[in-house]
Structures are given as C-alpha cells and as structure tokens.
Amino acid sequence: MYAIVKAGGKQYRVEKGDSLLVDRMREDEGATVALQPLLVAGDGDDPVFAADDLGKVKVEAVVRGHERGKKIHVLKFKPKRGYKKRMGARADLTRLEISDIKRGSR
C-alpha cells in the first residue's frame with residue numbers, strides 16, 4: 001500500500017518503511033508526526049481520494065534526524081561594471097521514516 005502525502009507544501013509518494021527528506025520541521029528527534037494524506041492506494045483496493053474517506057486514513061512518520069542539504073552557489077555579475085558577488089545557501093531538512101499507513105473506520 002502506498003500514499004501520497006503533503007509535507008511542507010510539497011507532495012511525496014510514500015510506503016511503509018520509506019525514508020524521505022522534507023523541509024525542516026519543529027519536532028524533536030524521535031517524535032511521531034502525522035502527515036496529511038491526499039491519496040491512498042494499493043492492496044488491490046480502489047484508491048481513496050475523497051475528503052471524507054481520507055479523514056479515516058492515518059499516515060504516521062518518525063523524525064529520524066535533522067540535516068543540512070547540498071550547498072547551492074549563486075553568482076551575481078554585471079558585465080563592464082566590475083560587479084561580482086558570490087553567495088551560497090544550504091537548506092535545513094528533516095529526515096522522516098514512515099512507520100505506518102492505516103486505513104481505519106471512525
């Protein structure tokens with residue numbers, strides 16, 4: 001079974017046991033996080049994407065750690081003016097491990 005979840009304004013396809021990097025979350029390492037499901041499919045059943053049915057689905061993840069992303073270099077340059085400026089940035093990321101995808105009933 002897999003699910004499409006929303007985390008940090010982006011969508012990810014996840015299965016149980018998957019590990020993914022998302023934008024930095026405030027939760028501490030080892031905390032359990034509930035992700036917002038947008039679609040659930042698999043196990044031979046019909047896919048679930050109706051809002052009232054998705055309310056019965058829980059996608060749980062465990063925060064495994066906080067990391068920094070790859071450095072991105074930015075160069076500003078204006079020809080014939082002697083202007084050059086080099087900057088860099090690294091994204092703050094959180095590594096999540098999907099612990100469970102539950103399809104239940106309320």
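Q: In this predicted model, which residues is leucine 35 in contact with, leaving aside its neighbours within four places in sequence?
A: Setting aside the neighbours within four places in sequence, the contacts of leucine 35 include Val5 and Ala7. The list goes on with Val59 and Ala61, and it is completed by Leu96 and Ile98.

Q: Which strand gives the most to the largest nonpolar core?
A: The largest nonpolar core has 19 residues, and Leu35, Val59 and Ile98 are those with the most contacts inside it. At least two residues of this core come from each of S1, S2, S3, S4, S6 and S9. With four residues, the strand that gives the most to this core is S6.

Q: In which sense do S6 and S9 pair, parallel or antiparallel?
A: Valine 63 stands opposite leucine 96 in S9, which gives one position to look at when following the two strands in the structure. Over 11 bridges, the sense in which S6 and S9 pair is antiparallel.

Q: Is threonine 94 buried or exposed?
A: Threonine 94 lies in strand S9, which covers residues 92-103. Its relative accessible area is 0%, and because buried means under 20%, threonine 94 counts as buried.

Q: Which side chain makes a polar contact with the side chain of threonine 94?
A: A polar atom of the threonine 94 side chain lies 2.9 Å from the backbone nitrogen of methionine 25, but that atom belongs to the backbone of methionine 25. The polar contact between side chains, at 3.1 Å, joins threonine 94 to histidine 66.

Conventions:
Residues are numbered from 1 along each chain as its sequence is written. This is a predicted model: local features need pLDDT of at least 70, side-chain atom pairs count only at pLDDT 80 or more; totals for chains, interfaces and linings use all residues. Side-chain values use heavy atoms; hydrogens and water are left out. Buried means under 20% relative accessible area, exposed over 50%, partly exposed in between (1.4 Å probe, protein chains only). A polar contact is a pair of N or O atoms within 3.5 Å; within protein, one must be able to donate a hydrogen and the other to accept it, and residues adjacent in sequence count only if both atoms are side-chain atoms. Two strands pair if DSSP finds at least two bridges between them. A nonpolar core is a set of buried Ala, Val, Leu, Ile, Met, Phe, Trp, Tyr and Cys residues joined through side-chain atoms within 4.5 Å. Contact means heavy atoms within 4.5 Å.
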